[in-house]
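Thanks for asking me to look this one over with you. Let's go through the charged side chains together, one pair at a time.

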Amino acid sequence: MTGPRLKTDLWVQAQIRVCDIASIPAVVARRGDGDSGQVVIRNNLLDGTYEVFTRTISLDGTAAWRRANGPVPVDGEAADLIIVREANIDPDVWVVEIEDPDGKYELDGPVV
């Protein structure tokens, strides 16, 4: 069982602020349910490729992330298809797009 969760809209606002402080461009590309919407991070690597991460829960019940694009970055069209697939599963999905080719942004959980 997990403990209390931060509402998704507050979590997203905090991540935008974290990126702002670190001089990482970030925008909310899609707004979902403010209380409990799924979150997708779309990382623009600025070379025509993207990494796409989705929130998940690890086997021990802690917050984690899944690399939805697989082991290698994908082009913009493939990244968009991943997001469309996630939105078909959960129409309340949030999409946060960042531009972080240097890998400065740190996800708040492990990538599983």
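The points below follow the salt bridges and the residues that form them.

1. Please keep in mind from the start that this is a predicted model. Searching the whole structure turns up 6 salt bridges. I discuss some of them here.

2. Start with K7 and D35, which form a salt bridge whose closest N and O atoms are 3.3 Å apart. This pair links distant parts of the chain, with the two positions 28 residues apart in numbering. K7 sits in the segment before helix 1 (8–21), while D35 belongs to the loop between strand 1 (26–30) and strand 2 (39–44).

3. Are the two partners of that bridge buried or exposed? K7 has a relative accessibility of 44%, so it counts as partly exposed. D35 is also partly exposed, because its relative accessible area is 46%.

4. It is worth staying with D35 for a moment. Leaving aside residues up to four places away in sequence, D35 touches K7 and T8. You can also look at D35 and R5: they are 30 residues apart along the chain, and their C-alpha atoms are separated by 9.4 Å.

5. Next, find D20 and R17, a salt bridge with its closest N and O atoms 2.8 Å apart. Here both residues lie in helix 1, and they are 3 residues apart, about one turn of the helix. D20 is partly exposed at 49% relative accessible area, and R17 is partly exposed at 48%.

6. The side chains of E86 and R66 meet in another salt bridge, at 3.0 Å from N to O. This pair links distant parts of the chain: E86 is in helix 2 (residues 76–89) and R66 is in strand 4 (residues 63–67), 20 residues apart.

7. Which of the classes, buried or partly exposed, does E86 fall into? With a relative accessible area of 7%, E86 is buried; the cut-off for that class is under 20%. R66, at 33% relative accessibility, counts as partly exposed. So this bridge pairs a buried residue, E86, with a partly exposed one, R66.

8. Finally, which residues are joined into one network by salt bridges that share partners? They are R42, D80 and E97. Try picking out these three in the 3D view once you have found the pairs above.

Methods
Residues are numbered from 1 along each chain as its sequence is written. This is a predicted model: local features need pLDDT of at least 70, side-chain atom pairs count only at pLDDT 80 or more; totals for chains, interfaces and linings use all residues. Side-chain values use heavy atoms; hydrogens and water are left out. A salt bridge is a side-chain nitrogen of Lys or Arg within 4 Å of a carboxyl oxygen of Asp or Glu. Helices (H or I, at least four residues) and strands (E, at least two) are DSSP runs, numbered from the N terminus. Buried means under 20% relative accessible area, exposed over 50%, partly exposed in between (1.4 Å probe, protein chains only). Contact means heavy atoms within 4.5 Å.
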